[in-house]
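Student: Hi! Could we walk through this one together, starting with the pockets?

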Amino acid sequence: MPFDIVALKNVWRRPTRSVLTCIGIALAVATAVALLGFASGLERSSLEVYGAHGVDMVVLRSGVSERLTSNLDERIAERLAALPAVRAVNPSLTDLISFGDRSLIGIPVHGWPADRFAVATLQVIDGRRVSDRDRAAVMLGQGLAAGLNKCVGDEVEIESHQFSIVGIYQGANLLENSTAVMRLPELQELMDRPRQVTEFQLQLHDNLGDARRVAELLRPQIAALTNAQGKPLGLAAMATEEFVTGSAEVRMAQGMAVATSLIALLISSISVLNTMIMSVFERTQEIGALRAIGWRRSRVLRMVLGESCLLSAVGGLLGIGVAWPCILLLSRAPALEGFIRPELSATAVGEGLMLTMLLAVAGGFYPAYRAMRIAPSEALRYE
Amino acid sequence: MNNPPSPANAEAYLLQVRQVSRVFSDGQVSALVDVSLSIRRGEYAAIVGPSGSGKSTLLNLLGALDRPTHGEVLFGGRSLSAIRDIDSLRACQIGFVFQSFHLLPTLSALENVQIPMFEGPRRSPSERIRKAQELLTIVGLARRMHHLPSQMSVGERQRTAIARALANDPPLILADEPTGNLDSHSGSAILDLFDSLHRERHVTLVVITHSSDVAQRAERIITLHDGRLVPENESGREFLHPQGHVPAVSNSTSP
């Protein structure tokens, strides 16, 4: 009989208690995996969107923590375009809009010049791109159009104004598929932000070598740009990856995911602790007898930790299995529809397994320590 | 007679208890007072005495489960206080049989017997199984190996516990009221088993008991009263209640 069988059979001694503990662990791990997966999915999706448009760098107002609150004069684009390493600049104004009648809230809408690379790199699947001749025209991502049940030629109401849908595009992923694009001047007017943009998207020359190294060299040059009076323009330039990783949306999603996961895991580890300590108390005499017949303290520790690891492993694997439907449900929630890619990455599974082991140790160590300290003569005295 | 311990007879005696006292932590209860005795290798001894006389305390000291407040206990001539790996000593040199068996309820008889082998001499899993099968056959449970304790009679459970005590071939078996939870028929069968183990395997047996039936099977009766040894010529077999149990207050005298 292998030693592990003893732990396995001990866990099965109280099947109802063990199953309930496993379910608790499973729910905690599923929550953690789903939320952490959601956060990392958001980051990956954002990177894909910028990557699909060939954006190497993003320029924002320095010091802003939220992209949407960045406020820059669109004419700075000419200064940026004049930098030798810069191939193209796309001034971008992004804001959030709602389609109240469809319960679609917080939909990102981009205002882009019709003749720049961002519009040019949109993959149009129906209709056409917006042009400088258009008035009150909008393009919709495929997912958004489906959500609104609209097609090319239909009208859509945005901020109490009617816009005509001239094209539908297939974005790089679900995130971009749930956006809208219109001409920059029209969004500036709609949002009452004349000549303002939130960011500049830069493409760098391909022949300069590694884009990240070039971005590093370019960063101080952009930060040093001044206005006509010699005052700094207050720009912060970042490589796309750095920008996405540090963006408020991604960090907030990660922070919320980590905080919620920690609370779920804390509750779960208390559940493991409770189960294991009850189990040890119930078996005081039995453990005393095991010590009497020669089991070392370390073996008792191994047995109880083994039981805790087993409970956590079963709960953890169950939780990882449950995480997938959770992610699917999250991705289909009306408020999140289109923002989350329903996928269970190897990283999220790895994180789930790591959390499971943390749970096992956190919840099992104290009971195992108590069990290890049981004095055989004391335990057997109550025979 | 209680043999006086001396270096010359250390080889002959498996256990030597030298002027041992045990006072419990609150300092109020002296469970044992100045006890000295020796047990020969291969001897079958019964420790008797009324409740609270210190029998279990003495067994705990003999079995290295507790330490004396004063005096020392020698195992094979070595002081237990000088042995660093006391767990290993208990695993390899001492087999315990408890009144309540203390079998793991989730394990079969075959698995329960293997429990001490995790700490004994290194054996492969198949060797452990073979050894457990051999021991269960010796105790008459060849057909019950795969039964759980809950599927066995109390007598069979105690047989399993005896097989477990023999798992690492210890020279000493300590039994605490081994027939205390058994009916007379099962108790008698267990005593027969002890007799045969003693006779055929030359195991040293020390049994704590209230029962005259059990004590009368032993070669020697050690009597405790109020934590002190009653001289053997004063205790004798007449100390025991002929129908079963030692009287709560016996006619023995303290030294």
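## Pockets, bridges and odd angles

Tutor: Sure! In the lining of the second largest pocket, α1(B) gives the most, with five residues. Helices (H or I, at least four residues) and strands (E, at least two) are DSSP runs, numbered from the N terminus. Keep in mind that this is a predicted model: local features need pLDDT of at least 70, side-chain atom pairs count only at pLDDT 80 or more, and totals for chains, interfaces and linings use all residues. Residues are numbered from 1 along each chain as its sequence is written, chains are lettered from A and ligands numbered from 1 in the order in which they are written, and side-chain values use heavy atoms, with hydrogens and water left out.

Student: OK, and what volume does the second largest pocket have?

Tutor: About 510 Å³. A total of 23 residues line the second largest pocket, and the closest to its centre are A:Leu380, A:Arg381, B:Ser56, B:Thr57 and B:Asp176. The elements giving two or more residues to this lining are α14 (376-381) of chain A and α1 (55-62) of chain B. By class, the lining has seven nonpolar, 10 polar and six charged residues. Here Ala, Val, Leu, Ile, Met, Phe, Trp, Tyr, Cys and Pro count as nonpolar, Asp, Glu, Lys and Arg as charged, and the others, Gly among them, as polar.

Student: What exactly counts as a pocket, or a cavity?

Tutor: Both are found on a 1 Å grid over the protein atoms alone: a cavity is a set of points where a 1.4 Å probe fits but cannot get out, while a pocket is an open set with protein on both sides within 12 Å along at least five of seven lines, and lining residues have an atom within 4 Å of a point. Grid points are joined across faces, edges and corners, and a volume is the space filled by probe spheres set on the points.

Student: Back to α1(B): how many of its residues are buried?

Tutor: Seven of the eight, so α1(B) is largely enclosed by the rest of the structure. Among the buried ones are B:Lys55, B:Thr57 and B:Leu58. Buried means under 20% relative accessible area, exposed over 50%, and partly exposed in between (1.4 Å probe, protein chains only). After α1(B) comes B:Ala64, with a positive phi near 60°.

Student: Which other residues have a positive phi?

Tutor: A:Ala136 has one of about 50° although it is not a glycine. A:Ala136 sits in the loop between β5 (123-127) and β6 (137-141) of chain A. B:Phe101, also not a glycine, has a positive phi near 70°, and its place is the loop between β6 (94-97) and α3 (109-114) of chain B.

Student: Is B:Phe101 buried or exposed?

Tutor: B:Phe101 counts as buried because its relative accessibility is 7%. A:Ala136, at 29%, counts as partly exposed.

Student: Changing topic: how many salt bridges does the structure hold?

Tutor: There are 27 over all chains. A salt bridge is a side-chain nitrogen of Lys or Arg within 4 Å of a carboxyl oxygen of Asp or Glu. One of them joins the side chains of A:Asp95 and A:Arg193 (3.9 Å, N to O). This pair links distant parts of the chain, 98 residues apart: A:Asp95 is in strand β3 (residues 86-99) of chain A, and A:Arg193 is in the loop between α7 (184-190) and β10 (196-197) of chain A. A:Asp95 and A:Arg193 are both buried.

Student: And what about A:Arg14 and A:Glu282?

Tutor: Their side chains meet in a salt bridge too (3.3 Å, N to O). A:Arg14 lies in the loop between α1 (3-11) and α2 of chain A, and A:Glu282 in helix α10 (residues 248-282) of chain A, 268 residues apart. A:Arg14 is partly exposed, with a relative accessible area of 43%, and A:Glu282 is partly exposed at 42%.

Student: Last one: which residues line the largest cavity?

Tutor: They include A:Ile293, B:Arg90, B:Phe96 and B:Pro170. The elements giving two or more residues to that lining are α2 (86-93), β6 and α5 (154-165) of chain B, and β6(B) gives the most, with three residues. The volume of the largest cavity is about 60 Å³.
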